[in-house]
Amino acid sequence: MTGAPAHTRLFQLLFHLLHRPNCRATAPELAEVLGVSVRTVYRDVDVLSRARVPICTEAGRRGGIYLLQPFVLDRALFAPEERRELLSLTQSLTAVQYPGEGAAVQKLSVLLRDKPPDWLEVDFSRWGRRGPDGEKFQALRGAVLNRREVEMIYLSSSGRRSRRTVRPLQLSYRSRSWYLKAYCLQRQDYRLFKLNRILALTLLERVFEPMPCPAAEAASACAVPVVLRVAGEAAHRLYDEFDDAQLAQQEDGSYLVTAEMPLDGWLVGYLLSYGARAEVLSPSSLREAVAQQAEKICAVYKKP
């Protein structure tokens with residue numbers, strides 16, 4: 001098994017214990033989190049112990065690896081720059097991998113007797129709406145970590161609601177949205193679900209065996225090459241939503257955009273959001289779909 005570099009792994013081990021109830025975890029649990037063997041976990045515990053971190057192991061059914069409390073890390077172990085680096089790293093881990101676990105940052109700041117830098121904020125709520133998105137994320141994170149099946153009501157890009165039972169494998173952030181990679185029991189295949197379109201979910205008691213997690217492309221709809229011509233006045237959006245390598249500015253100030261995208265209802269709606277500033281050059285099937293939807297919209301607004 002391979003994992004992070006040793007110094008990074010030691011900090012991840014400590015951080016994981018800090019955000020666990022009673023600062024306690026089993027060796028197999030830590031081995032899975034760190035991507036190493038159980039033997040390596042015990043070696044890391046020994047390294048931390050020699051560095052005067054009060055970390056202990058206890059055998060038996062109620063045993064595990066835990067931190068003695070209360071305790072404070074020796075500031076002499078870290079230079080001021082290293083303490084700031086540790087706190088910044090903790091903030092980024094908390095924001096991206098452990099949202100809602102901000103207490104871990106405060107714990108580490110107490111251990112190091114230093115204040116965390118105020119440089120990063122990640123808010124999972126949408127504008128004008130707070131609460132449900134973060135709760136949904138936390139529930140799914142727990143389902144992924146504990147390998148619990150989830151029953152959910154999902155709204156597809158075509159507007160159809162369906163009830164699914166899935167095995168959550170990973171949370172993924174792509175293109176300014178959060179997605180759940182999961183194995184769908186109804187489809188008997190891997191699928192990618194957009195968190196905003198999960199309308200309701202229930203954590204089931206059923207626990208599943210570890211499963212491989214495919215790349216996002218394998219779990220999502222099949223993507224095809226798409227070529228667009230976009231007017232120059234929409235350049236601000238292009239640089240927000242595409243890589244530089246996907247953009248080619250033309251002599252008239254417009255842009256040619258070349259990207260791989262899934263051909264579905266969401267893409268048609270996304271392209272229509274550009275209004276008359278974007279034109280689909282290929283594929284022809286997408287060009288026709290956008291034109292048909294535009295005609296339907298025009299018919300709605302022409303009604304008396």
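Let's start at one residue. Asp44 is found in helix α3, which covers residues 38–50. Keep in mind that this is a predicted model.

Is Asp44 buried or exposed? Asp44 is buried, because its relative accessible area is 5%, and the cut-off for buried is under 20%. What does Asp44 touch, leaving out residues up to four places away in sequence? The answer is Arg9, Leu10 and Leu13.

Take Leu10 from that list. Leu10 is found in helix α1, residues 6–18. Leu10 has 18% relative accessibility, so Leu10 counts as buried too. Now look from the Leu10 side. Setting aside neighbours within four places in sequence, Leu10 is in contact with Asp44, Val47 and Leu48. Along the chain, Leu10 and Asp44 are 34 residues apart. Their C-alpha atoms are separated by 6.4 Å.

Next, the sheets. There is an open sheet of three strands, in the order β1-β3-β2. The pairing in that sheet is antiparallel. Which strands are at the edges? They are β1, at 24–25, and β2, at 55–58, and each pairs on one side only. Strand β3 spans residues 64–67, and β1 pairs with β3 over two bridges. To find one of these on screen, go to Ala25: the bridge partner of Ala25 in β3 is Ile65.

While we are here, find Arg24. Arg24 lies over the face of Tyr66, at 4.2 Å from the ring centre. Elsewhere, Arg237 lies over the face of Tyr274. There, the distance to the ring centre is 3.8 Å.

On to β4, β5 and β6. β4 and β5 pair in the antiparallel sense, over six bridges. Strand β5 covers residues 161–174. Met152 has a bridge partner in β5, and that partner is Arg164. How many residues sit between β4 and β5 in their hairpin? Five. In the turn, Gly159 has a positive phi of about 90 degrees. Then β5 pairs with β6, residues 177–184, again antiparallel. That pairing runs over eight bridges. Within it, Leu171 stands opposite Leu180 in β6.

Now the aromatic rings. How many aromatic pairs does the structure hold? Five. I will show you two of them, beginning with Tyr154 and Phe193. This pair is edge-to-face, with 5.0 Å centre to centre and 80 degrees between the planes. Tyr154 lies in β4, residues 148–155, and Phe193 in β7, residues 189–194, so the pair ties together parts that are 39 residues apart in sequence. Both Tyr154 and Phe193 are buried.

The other pair is Tyr239 and Tyr255, also edge-to-face. Here the centres are 6.0 Å apart, with 90 degrees between the planes. Tyr239 is in helix α8, residues 235–241, and Tyr255 is in strand β11, residues 255–262. The two are 16 residues apart, and the pair links distant parts of the chain. What about burial? Tyr239 counts as partly exposed because its relative accessibility is 44%, and the partly exposed class lies between 20% and 50%. Tyr255 is at 7%, so Tyr255 counts as buried.

A word on cysteines. How many disulfides does a search of the whole structure find? Zero. Two cysteines to look at are Cys56 and Cys184. Cys56 is at 21% relative accessibility, so Cys56 counts as partly exposed. Cys184 is at 0%, so Cys184 counts as buried.

Last topic: confidence. The mean pLDDT of the protein is 78. Of its residues, 71% reach 70 or more. Where is confidence lowest, and where is it highest? The lowest is helix α7, residues 216–219, at a mean of 51. The highest is strand β12, residues 278–282, at 96.

Two stretches call for care. Over residues 95–101, pLDDT stays under 50. The model has 20 contacts for that stretch beyond four places in sequence. Over residues 116–122, pLDDT also stays under 50. For residues 116–122, the model has 15 such contacts.

Key. Residues are numbered from 1 along each chain as its sequence is written. This is a predicted model: local features need pLDDT of at least 70, side-chain atom pairs count only at pLDDT 80 or more; totals for chains, interfaces and linings use all residues. Side-chain values use heavy atoms; hydrogens and water are left out. Helices (H or I, at least four residues) and strands (E, at least two) are DSSP runs, numbered from the N terminus. Buried means under 20% relative accessible area, exposed over 50%, partly exposed in between (1.4 Å probe, protein chains only). Contact means heavy atoms within 4.5 Å. Rings of Phe, Tyr and Trp (its six-membered ring) pair if their centres lie within 6.5 Å; planes under 30 degrees apart count as stacked, over 60 as edge-to-face and the rest as tilted. A charge sits over a ring if NZ of Lys or CZ of Arg is within 6 Å of the ring centre and within 35 degrees of the ring normal. A disulfide is a pair of cysteine sulfur atoms within 2.5 Å. pLDDT is the predictor's confidence in each residue, from 0 to 100. Two strands pair if DSSP finds at least two bridges between them.
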